[in-house]
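Here's a quick briefing on rings, charges and cysteines. Have the model open as you read.

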Amino acid sequence: MPSVIFSRDDRRKYREKVYRCLDVFAQMLRESRFEFERPLAGLEIELNIVDAYGEAAMRNAQVLAAIEQPDWATELGQFNIEINIEPQELGGDGALRLEDDVRARLNHAEERARSQDGHLVLIGILPTLREQDIGEGTLSANPRYRLLNEQIFAARGEDLHLAIEGVERLDTHADSVAPEAACTSVQLHLQVSPDAFASHWNAAQAIAGPQVAVAANSPYLFGKELHRETRITLFEQATDTRPAELKAQGVRPRVWFGERWITSVFDLFEENVSYYPALLPLCEDEDPRTELEQGRIPHLHELTLHNGTIYRWNRPVYAVVDGVPHLRVENRVLPAGPTVADIAANAAFYYGLMRMLPYAERPIWSQMSFQAAEDNLGAAARHGLEARLYWPGMGEVPAAELILRRLLPMAREGLARWGVDGPVADRLLGIIEGRCLTGRTGASWQVERVRAHERSSGDRHEALRSMTLDYIERMHSNEPVHTWDV
């Protein structure tokens with residue numbers, strides 16, 4: 001595909017259109033035209049494709065053609081695919097049905113992937129990925145990815161610098177956004193009303209640290225042992241449009257935790273428009289003001305496209321389904337894997353807390369600084385369950401203690417309020433409890449296993465490859481990671 005050149009006129013028109021969308025969005029919020037009949041939970045899961053040796057396999061187009069299902073799609077890298085699970089209710093045995101549904105779809109996809117000499121892996125970062133696997137040629141064929149890559153590098157004017165200081169140190173440069181493809185995550189969606197959006201977003205920000213601490217599953221990148229959830233800092237660096245000078249000036253990064261608690265969903269979209277130049281200034285024909293005046297619901301194409309190029313860890317989503325608008329909080333902090341049971345447990349923990357914290361008489365965000373919530377995320381990504389996290393009324397405590405003493409009982413009550421059957425809630429939250437009691441997450445299991453293999457082979461990449469094959473075998477058992485032997 002030839003390079004797309006955006007003119008100054010394109011950018012001016014796009015900016016005007018985005019501001020018009022923002023005005024219309026404000027009017028829609030005032031007039032409350034949003035659907036919110038029942039709380040719905042949905043998720044997206046990104047996966048890696050490997051060959052029989054556990055190495056990255058660049059064949060998502062062939063695998064998707066073999067799967068032949070509309071809920072599967074490409075992701076940024078040719079070794080990634082994604083499945084979208086329709087929003088559904090969690091009440092009764094809904095969480096169990098969701099887990100069974102995901103397992104059935106993954107089993108079908110794995111069977112089809114094998115016909116293309118591929119295997120699917122649920123993991124935060126593929127441990128066998130090498131630097132030579134990642135380049136512009138790694139990007140999926142979708143023209144939008146190429147365009148995004150061109151625009152990010154046009155904004156930066158220089159190569160990406162990846163510098164991660166962890167157990168070991170990674171310091172390298174990249175000439176494309178392909179390193180972002182190494183980050184495979186699970187995104188949890190929660191539909192909320194405009195009035196309740198701010199309290200839900202604030203609550204999701206407050207629990208991002210504990211979520212990552214107990215779910216960490218990305219300890220390796222390009223053969224180096226770095227953070228327990230290296231995906232967090234890798235994603236921040238791999239999409240950074242700022243050269244060093246703009247960072248020094250305090251220009252906001254494209255992957256962003258935010259800088260304050262909010263009072264309305266409008267705050268987030270207004271920040272997007274105020275702080276970030278357009279990466280993809282593509283205008284649609286729809287005039288949002290005309291649509292609204294004529295009694296139709298505008299899709300706000302430019303505003304939502306712009307929002308899609310700003311990677312908040314909890315992202316606001318505006319969408320129109322069957323002619324009715326709705327809002328969602330998209331929670332983006334979790335890695336994929338290790339098993340579907342673990343993913344279901346991570347989801348239950350999040351949705352349980354999100355049924356409690358936004359409705360508390362004294363909100364958590366009135367008791368802790370925004371900076372403390374951000375610091376918690378950083379510490380959790382670095383140290384996993386061994387992180388020390390701040391929580392009001394407890395001070396700074398080990399992550400496992402915070403989760404066991406304060407958050408698990410709250411999540412349990414939240415699931416009861418969702419109407420989740422007791423045995424279903426017990427099983428899923430029991431997985432979170434099991435990780436806290438054993439200290440074993442996907443990340444800690446990977447590290448222990450690699451060290452054991454490395455002692456016998458003396459070769460890091462061979463140890464990573466052997467561990468990945470061991471991991472895939474256990475992933476298919478659907479036994480939660482805290483029960484895996486080392």
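A charge sits over a ring if NZ of Lys or CZ of Arg is within 6 Å of the ring centre and within 35 degrees of the ring normal. R252 fits that rule, with its charged end 3.6 Å from the centre of the Y275 ring. Keep in mind that this is a predicted model, where local features need pLDDT of at least 70, side-chain atom pairs count only at pLDDT 80 or more, and totals for chains, interfaces and linings use all residues. Residues are numbered from 1 along each chain as its sequence is written, and side-chain values use heavy atoms, with hydrogens and water left out.

**Charge over ring**
- R355 also has its charged end over a ring, that of Y359, 5.1 Å from the centre.

**Aromatic pairs**
- Rings of Phe, Tyr and Trp (its six-membered ring) pair if their centres lie within 6.5 Å; planes under 30 degrees apart are stacked, over 60 edge-to-face, and the rest tilted.
- The count comes to 16 aromatic pairs.
- F25 and F34 pair edge-to-face, at 6.5 Å centre to centre and 80 degrees between the planes.
- Both F25 and F34 are buried (under 20% relative accessible area, 1.4 Å probe, protein chains only; exposed is over 50%, partly exposed in between).
- Ring pairs also tie F25, F34, F269 and Y318 into a cluster.

**Cysteines**
- There are zero disulfides (pairs of cysteine sulfur atoms within 2.5 Å).
- C21 has its closest cysteine sulfur in C283, but at 8.7 Å that is too far for a bond.
- C21 is buried at 0% relative accessibility, and C436 is buried at 8%.
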